[in-house]
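Me: I've just opened this one and could use a hand finding my way around. Can we go through it step by step?

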Amino acid sequence: MYYREAGDFKTSYRKDQQNFPIRFDRVHFWTMMVLAFAVIPFFINDYWANAVFVPFLIYAIATLGLNILTGYCGQVSLGSAGFMAVGAYASYKLMTSFPDLNFFVIVVLSGAITALVGTAFGLPSLRIKGFYLAVATLAAQFFLVWLFNKVPWFYNNSASGQISVPRRDMFGIAITGPEASAATKYLVCLAIVFVLGFIARNLTRGRIGRSWMAIRDMDFAAEIIGVDPLRAKLSAFAISSFFIGIAGSLFFTIYLGAVEVGEAFGIERSFLILFMVIIGGLGSIYGSFAGAAFLVLMPVLLKNALVGGLGWPSDVAAHLEFMIMGALIIFFLIVEPHGLARLWAVTKQKLRLWPFPY
Amino acid sequence: MSADFLYAIEVLLNGLMAGVMYSLVALGFVLIFKASGVFNYAQGVMALFAALTLVGIMNGEVPFSHLINAMFGTQVHDFGWHVPALAAIGLTAVVMVFFAILVEKLILKHLIGQEPIILFMATIGLAYFMEGFGDMMWGADIKPLDVGLPKGGSIWIEENTAWLGGEGQRFFGFFIDKLDMSATLVAAILVIALTLFSQYTATGRALRAVADDHQAALSVGISLRAIWVITWSIAGFVALVAGIMWGSKSGVQFSLAFIALKALPVLMLGGFTSIPGAIVGGLIIGMGEKLFEFLAGPLIGGATENWFAYVLALIFLVFRPQGLFGERIIERV
């Protein structure tokens, strides 16, 4: 009834090309943003920030990054957590070496450093394809984690081998470190997610995004029609790693505060991010957010329901959580291999016609 | 001969044996990939599950005892009997066949014609599920597994190689684990049996036909679904063998699931579609990583075994993208 493009006339190319062509979408998107920026910060508390909102926002960045590489460019990567570790350690080194540097500059620089590392590990993608490449990216995962564990320079020779974030202020408010409030953490992450989401959306529908998709659909054919595979693949690796590096940096500075590399950036983290991409929907910006939200919320809900609601011992609940997680993934793949994004698209299509059958 | 050189040889021999253990896991991967084009990430967890089931049956444990106790407040643990190893292995094999049928019915059947990446993701989901299921069924504690395989270093070999070091050298003969030797023997028997099976039986030929071309196989009347059940059963059996070997070596525990990660570089090196490739790749990786740890490990901080195999395979693949024995990749527009 309300979801119509009828009567929504576009009078310029600019308007025709905008992100949300339907007014209903536009209105609701901006309402949600106002809610997220201006209302939630006043109500958020530590539990909601640490268990739901902050991890969701950070995983959303990582998922966007991996979706650019896997969903748009078709290069499967299992090394995301390794690249997150690069972002985390880069921001640690930068923060301790240049104490006066602005926090946002540090985050962007960490992303840039990760982009360099990611490009280097992306080089084999020019020769190796498919599953061989997926397994090859595991080399990045294991090597990087080992490197940060074994070379004391990365953790400033601290005795425990951990890195912990120093306090940094902005406008007189603590952003990182234990003194930072839930609302600040949330707002910092939200601001970065907003900017990165905007960048990702516009990159993927521009020339470069189209060259990625051409490579994904068939790299030989793309090469013949004039897409440079070297540039397309490496740019996908670089930009994807940039996003994932920023996610890693925030994961360390804002979310965890102190990190031990094997624990925080192990292979399970890589798989989790890949799950988010697949469940959300390959090649969809909206899907990245949906997938991240789904997999962040599900364990919280399950734990509350099983341990809190039924009073089961936590080890049985943990096993059951594994089982449900696995079963859900299989279920989703069978019912809708294109993920939550496709479900949303189908719903929108139905809404357009509702209440008429055709 | 100098002691250092002899130690290097000993490391090499032990690396070969470790490589055989990797090959055992890689073999299961290759079987399923060839027959159904599914890259089965759950192979490692299948080994864990098989080993858990074997130990559970041998000790007569009650399945799901944790869950039952939690739900009804009872205190059941085991039936109080012990099943002999061979019978337990047979029963576990039956469980694995049953598992293969379930996988085909519940998962693969619904995913026919999907992209390989989707199937791969489904097997990761399966791995998660089985990990939880296995732990739920048999408990998550570390269990010793003893099916009567010989253990410990072989004294005979040590005594008969001690003379190699010569007078005055600190060398006391090669130390080689008996368990590793039996694993090598079992792997050899397994590969020969699999080769004979696929070359000389009707089912084996059908398997190869399916591996070659799904549609052509269907058109001459081979049932794809039956073949898939058979392949997954065989892979389940290979997983059981791998589970027995690894379980006897280091106890049946959660980390057994991660041997899948050790098998992946083996696959890359040997090629996803080649059984001899899995064996040769395993040997190269096993030897390479032990030797690298021995020679370069002390210089750069040790624990290189985690990544060396991957980096080796990666460098190798840049020169030969389909692995050592993999089929040539031909691409057409």
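Me: Let's start simple: what percentage of the residues of chain B count as buried?
Reply: Keep in mind that this is a predicted model. A residue goes down as buried if 20 or more other C-beta atoms lie within 10 Å of its own. Chain B has 333 residues, and the share that counts as buried is 44%.

Me: And how many helices and strands are there in chain B?
Reply: Reading chain B from the N terminus on, you meet α after α. Contacts in chain B also reach along the sequence: among those between residues at least 6 apart, 74% join residues at least 24 apart. The tally for chain B is 14 helices and 0 strands.

Me: Which helix of chain A gives the most to the largest nonpolar core?
Reply: That core holds 206 residues, and A:Ile58, A:Ala85, B:Ala47 and B:Ala51 touch the most other members. The top contributor in chain A supplies 16 residues, and this is helix α10, residues 229-256.

Me: Which residues does A:Ala85 touch, leaving out those up to four places away in sequence?
Reply: A:Ala85 is one of the core residues that touch the most other members. With the sequence neighbours set aside, its partners are A:Leu144, A:Val145, A:Phe148, A:Gly248, A:Val261 and A:Phe265.

Me: How do α3(A) and α7(A) lie, roughly parallel or roughly perpendicular?
Reply: Their axes come within 10 Å and cross at roughly 20°. Angles under 35 degrees count as roughly parallel, and therefore α3(A) and α7(A) are roughly parallel.

Me: How many nonpolar residues does the contact of α3(A) with α7(A) have?
Reply: α3(A) passes α7(A) in a left-handed crossing. The residues that meet include A:Phe53, A:Leu57 and A:Ile61 from α3(A), and A:Tyr186, A:Leu190 and A:Val193 from α7(A). By class there are 2 polar and 2 charged residues, and the nonpolar ones number 17.

Me: Now the two chains together: which helix gives the most to the side of chain A that touches chain B?
Reply: The contact takes 36 residues from chain A and 39 from chain B. On chain A, α6, α9, α12 and α14 each supply at least two residues. The one that gives the most, with 13 residues, is α14(A).

Me: How many nonpolar residues are on that side of chain A?
Reply: Chain A puts 36 residues into the contact. Of the classes on this side, polar has 2 residues and charged has 3, while the nonpolar count is 31.

Definitions and conventions:
Residues numbered from 1 in each chain as written. Chains lettered and ligands numbered in written order. Predicted model: local features only at pLDDT ≥ 70, side-chain atom pairs only at ≥ 80, totals over all residues. Core = buried A, V, L, I, M, F, W, Y, C linked by C-beta atoms within 7 Å. Buried ≥ 20, exposed ≤ 12 C-beta atoms within 10 Å, placed from the backbone. Helix = DSSP H or I, 4+ residues; strand = E, 2+ residues; numbered from the N terminus. Contact = placed C-beta atoms within 7 Å. Axes fitted to C-alpha atoms, helices over the stretch in contact; angles between N-to-C directions. Parallel < 35°, antiparallel > 145°, perpendicular 65-115°, else oblique. Left-handed = near helix turned anticlockwise from the far one by under 90°. Nonpolar A, V, L, I, M, F, W, Y, C, P; charged D, E, K, R; others polar.
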